[in-house]
Every structure is written in structure tokens, then in C-alpha cells.
Amino acid sequence: SASPYEAVLVVAPTKSTLPQTLHNEIISVCKSSVESRGCFTIGLSGGSIPKFLSTLRESFDQRKVDPRFDKWHVILADERIVSDTDDDSNIKSLRESFLANVEIPENQIHSIDQTLLSDSGAVAASYEENVKEVLKLGGGKIDCLVLGFGPDGHTCSLFPGHGLLTEQSRFVSPIEDSPKMPPRRITLTFPVLNEAARIVLFCGAGASKNSILKDNFASVVDLGKDTTEIYTNDTATAYKVTMNDPPPYPCAMVRPINKESTGANFSVKWLVDADAAGDLVTSSNL
């Protein structure tokens, strides 16, 4: 059978330090993507992610890295089929918390076609074209996906036990029966998440995430301080985790096979606060 899938768990001591941990990861992927391909392609979720990104510009400044926002191409990991002025809209919360404060050209921010809202299939098909264009720019892959995960283990709009978990061909699928409101959405699928992503960053805070992490990981090994030097706030601690098989939740099914990365260059990183990690890691390590 296939060897166990390994990922990295990074634990920030508090929810307020978690954005910095997330920013450090984004900054390093952004820098290498712009250097090697001349652009940075990123897929973003809604939920708590927009708020976590609100100070990203300041983090680039602190690290003295030019974000090159003119080179960014942004797609949505999922979206609710609602008007972009609706409070349920992911693009609305991303605009308010993050995109309004940075100079990414408007035509490089891909949101759903507002003229198609009555037809979920058409919204998904049109959005898939956008995603394919962005994949082309990135040499066939999205450089970075920043995803949340719910207390039910969902990610994007891929819910436990849902038929979309087995989608093999479409990159973007409509969903009409989301167990979470609103029911009509589009979502990236596993053909993108597992075959067309360089780095996936899962980000979540709070005790409601703890049981998901516990079920996801078969083992947790402290990577030691040497691997955390990439963090300017060296308060975060990195661990190597081995994923459980079979994956207990949709979020645990996200396992990109990255031919490009070598050695300990893990493709999936779980970035959480100490409340989410709970007793998975001993407090003496934090």
C-alpha cells in the first residue's frame, strides 16, 4: 500500500499570533513563485481566512519583502452563489478584510459571474474557465491554497459523505444541497486540490477544531526548533504529522502529490493555535 502521507503541523501559542504564522508561509511561497515564474497564484477560502489576512501587507513590510501585488492572481477555493454585496459572499469578506488594502489588479481577482447566479451549473462552468487560466499562468498549478476546515471536517464546500468527494474530472463543481447555509455554492474539487496545488495551508483556531485534528493525525513528532527558524515569531512550533488512513474527513483527503518538492518540503501544512492543537502537543513544546 502507499506509504503514509506526511504533513506539517505548526502551532502558534495564541489565536492572535496565528495570522503571523500564516503570513510567514504565504510570504515564502509568494517570494519563490514570483522569482521562479513571474507570478503568484493563490486560492482563498472565506470563513475566518479573510480576517487572518487583514494584516498581511504589514507582515510583508516587517519582513522587508516586496509583495509584488501586481503579480498576484487570486481565485476562490469556494463561493456561495449569492450577490457579491451579500454578507454570505466570500469575495465580499475577502474584499473588506484584505483585497481592499492591497493593489492586486481587479482583473486578476477572480470572482463568480454575477450575471449567472440563477444557474449554479453555469456559474461553476464559467468559474472553471477562470481557474484553468490561472493554472496555466502558474505552470499548471496553484502556488498556494489557504483553506479553512470546519468542526465537521469540511473544507472548501466539500462536506462529509457528499457525492462531490468522488468528483474526478471537473475542477469546479456546483453544489445545491450544502448542509451549511446558504445551500447553493461552487467549490474546487479534489482534481485541483490534490493534482494542481503546490502548497496547501490549512488554517484554524479554537477548541472546536481539536477533535478534527486528533482524528486526522496518526502521529505527531516535534521537528525541533531548527526547522522553525523560517518563522520571525519563533513562538510557533513545528511538528511532523502522519495522516490517518482512510482519511476521516474531507479536509484530511487533501493530499497533493508534489513531484516538485523534495525532502522535508511538505505540501500540506496545518497552521493552528494552541487551543485547536489541545493535547495533541504537550504544552512544554510550545
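I take contact to mean heavy atoms within 4.5 Å, and I keep that cut-off for every list of touching residues in these entries.

**Entry 1: ground rules and confidence**

This is a predicted model, in which local features need pLDDT of at least 70 and side-chain atom pairs count only at pLDDT 80 or more, while totals for chains, interfaces and linings use all residues. Residues are numbered from 1 along each chain as its sequence is written, and side-chain values use heavy atoms, with hydrogens and water left out.

I looked up the confidence next, where pLDDT is the predictor's confidence in each residue, from 0 to 100. The protein chain has a mean pLDDT of 92, and 91% of its residues reach 70 or more. Over residues 226–232 the pLDDT is below 50, although this stretch still has 14 contacts in the model beyond near neighbours in sequence. Where pLDDT is low, the predicted coordinates should not be read in detail.

**Entry 2: strand β3 and H73**

For secondary structure I use DSSP runs numbered from the N terminus, with helices being H or I of at least four residues and strands being E of at least two. For burial I use relative accessible area, where buried is under 20%, exposed is over 50% and partly exposed lies in between, computed with a 1.4 Å probe on protein chains only.

Strand β3 covers residues 72–76, and five of its five residues are buried. I noted that W72, V74 and L76 point one way from the strand, whereas H73 and I75 point the other way.

How many bridges join β2 to β3? I find five between β3 and strand β2 (residues 40–44), and the two strands run parallel; two strands pair if DSSP finds at least two bridges between them. One of the partners is easy to locate, as F40 is bridged to W72 in β3.

Which residues does H73 touch? Leaving aside residues up to four places away in sequence, H73 touches C39, F40, T41, I42, Q108, V134 and L137. Its relative accessible area is 11%, so H73 counts as buried.

**Entry 3: the nonpolar core**

I define a nonpolar core as a set of buried Ala, Val, Leu, Ile, Met, Phe, Trp, Tyr and Cys residues joined through side-chain atoms within 4.5 Å. The largest such core has 92 residues, and those with the most contacts inside it are I26, W72 and W270. Helix α1 (residues 18–37) gives the largest share of this core, seven residues. Looking at I26, I find that it touches F40, I42, L53, L56, W72, V146 and L201, again not counting residues up to four places away in sequence. In soluble globular proteins, nonpolar side chains tend to be buried together.

**Entry 4: helix α4**

In helix α4 (residues 90–97) I find N90, I91, K92, L94 and S97 buried, and what covers the buried residues of this helix includes β2, α2 (49–52), β3 and β4 (78–80). At the N-terminal end of α4, S89 acts as a cap, with a side-chain oxygen 3.4 Å from the backbone nitrogen of I91.

**Entry 5: cysteines**

I count a disulfide as a pair of cysteine sulfur atoms within 2.5 Å, and by this rule the count comes to zero. C39 is in no disulfide, and the nearest cysteine sulfur, that of C30, is 10 Å away. Why is C156 without a bond to its closest cysteine? The closest cysteine sulfur, in C251, is 10 Å from that of C156, which is too far for a bond. Both sites are covered, since C39 is buried at 6% relative accessibility and C156 is buried at 6%.

**Entry 6: backbone details in the loops**

I looked for cis peptide bonds and noted the one from M181 to P182, with omega near -15°; P182 lies in the loop between β6 (172–175) and β7 (185–188). A cis peptide bond also joins D245 and P246, with omega about -10°, and P246 is found in the loop between β10 (237–243) and β11 (268–273).

I then checked for positive phi in residues other than glycine. K64 has phi near 55° and lies in the loop between α3 (56–63) and β3, where K64 counts as exposed at 74% relative accessibility. R68 has phi near 50° and is found in the loop between α3 and β3, but R68 counts as partly exposed at 32%.

Key
A polar contact is a pair of N or O atoms within 3.5 Å; within protein, one must be able to donate a hydrogen and the other to accept it, and residues adjacent in sequence count only if both atoms are side-chain atoms.
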